[in-house]
Amino acid sequence: MESFLDLFPQGKLPVEALQALTARIMTRRVAKGEVLLRKGDKVRKHYFVKTGLLRSYTLDEHGKEHIFMFAPEGWIISDSGWQIPGKEADLYIDAIENSEVEVLEDGLLASTGLFTEEAIEKLANRIYVLQKRIILLMSASLRERYLDFLATYPAIVQRVPQRMIASYLGVTPEALSKLRGDLAKQQRH
């Protein structure tokens, strides 16, 4: 997928809607390490990753990083509180690699007439509740979380430092290294 517009089947989007979307989508280059969103910011933008790799994360009261998700090519990343009036971001978003993103402003889809503001708001509220729940409950075993990570992000395992994968899984890099070793032993037998 090269563009956010590729998410819509060709011919299914009215010409007026396609023109409105095209006019409002800005492409931006993002340097490795550049922060696109900080906790406490108003969430007004969403990012479709054309090339590169972004991540969203939170910091706990001790400054420890907890990665919520990765966004490789073809994924959209944002803080899920984006459509709740007055809601501030809970997450940070930054670039793990030099990236090229399409910046999707608030109200973009609603402006095309494809989605109503009410439908988007309801969906956003649901997503926000789920995001908070996931952040609070990450309770599966390390093995289950790691296997799920591999299934969810098969193309980025070699692109992400082990410390970031460990942060996403909620463990130390040492614990992840031990698990990887155990899994490698099991595969040999």
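**View 1. Ser56 and its partner across the strands.** Ser56 has Ile93 of strand E7 as its bridge partner. Helices (H or I, at least four residues) and strands (E, at least two) are DSSP runs, with numbers counted from the N terminus. This is a predicted model, where local features need pLDDT of at least 70, side-chain atom pairs count only at pLDDT 80 or more, and totals for chains, interfaces and linings use all residues. Residues are numbered from 1 along each chain as its sequence is written, and side-chain values use heavy atoms, with hydrogens and water left out. Strand E4 (residues 54-59) runs antiparallel to E7, and 4 bridges hold the pair. Strands count as paired if DSSP finds at least two bridges between them. Strand E2 (residues 35-37) also runs antiparallel to E7, joined to it by 2 bridges, and here Leu37 is the residue opposite Ile93.

**View 2. Strand E7 and its two sides.** Which way do the side chains of E7 (residues 92-95) point? Tyr92 and Asp94 go one way, Ile93 and Ala95 go the other, and all are buried. Buried here means under 20% relative accessible area, with exposed being over 50% and partly exposed in between (1.4 Å probe, protein chains only). In a regular strand, side chains alternate between the two faces of the sheet.

**View 3. The open sheet, with H5 packed on it.** The 4 strands of this open sheet come in the order E2-E7-E4-E5, with antiparallel pairing. E2 and E5 are the edge strands, each pairing on one side only. From one strand to the next, the twist averages 30°; axes are lines fitted to C-alpha atoms (for helices, over the stretch in contact), and angles run from 0 to 180 degrees between N-to-C directions. E4 and E5 are antiparallel too, paired over 6 bridges, and Thr58 sits opposite His66 in E5. Helix H5 packs on the sheet, touching E4 and E5, and its direction makes about 105° with that of E5. Touching, or contact, means heavy atoms within 4.5 Å.

**View 4. Helix H4 and what covers it.** Leu142, Arg145, Tyr146 and Phe149 are the buried residues of H4 (residues 142-152). Looking down the axis of H4, they fall within an arc of 95°, so they line one face of the helix. That arc is taken from the directions from the helix axis to the C-beta atoms. What covers them includes strand E5 (65-71), helix H5 (162-169) and helix H6 (173-188).

**View 5. Leu169 and the largest nonpolar core.** Leu54, Phe70, Phe149 and Leu169 have the most contacts inside the largest nonpolar core, which has 39 residues. A core of this kind is a set of buried Ala, Val, Leu, Ile, Met, Phe, Trp, Tyr and Cys residues joined through side-chain atoms within 4.5 Å. Leaving out residues up to four places away in sequence, Leu169 touches Leu142, Arg145, Tyr146, Phe149 and Leu176. Another core, of 10 residues, lies apart from the largest one, and its members include Leu5, Phe8, Leu13 and Leu104.

**View 6. Asp79, tucked into a loop.** Asp79 is in the loop between strand E6 (76-77) and E7. Is Asp79 buried or exposed? Its relative accessibility is 0%, so Asp79 counts as buried. What does the Asp79 side chain reach? One target is the backbone nitrogen of Asp90, at 2.7 Å. The backbone nitrogen of Leu91 also lies 2.9 Å from a polar atom of that Asp79 side chain. Polar contacts are pairs of N or O atoms within 3.5 Å; within protein, one must be able to donate a hydrogen and the other to accept it, and residues adjacent in sequence count only if both atoms are side-chain atoms. Asp79 and Asp90 are 11 residues apart along the chain, and their C-alpha atoms are separated by 6.9 Å. Beyond residues up to four places away in sequence, Asp79 touches Leu37, Val43, Ala89, Asp90, Leu91, Ile93 and Gln131.
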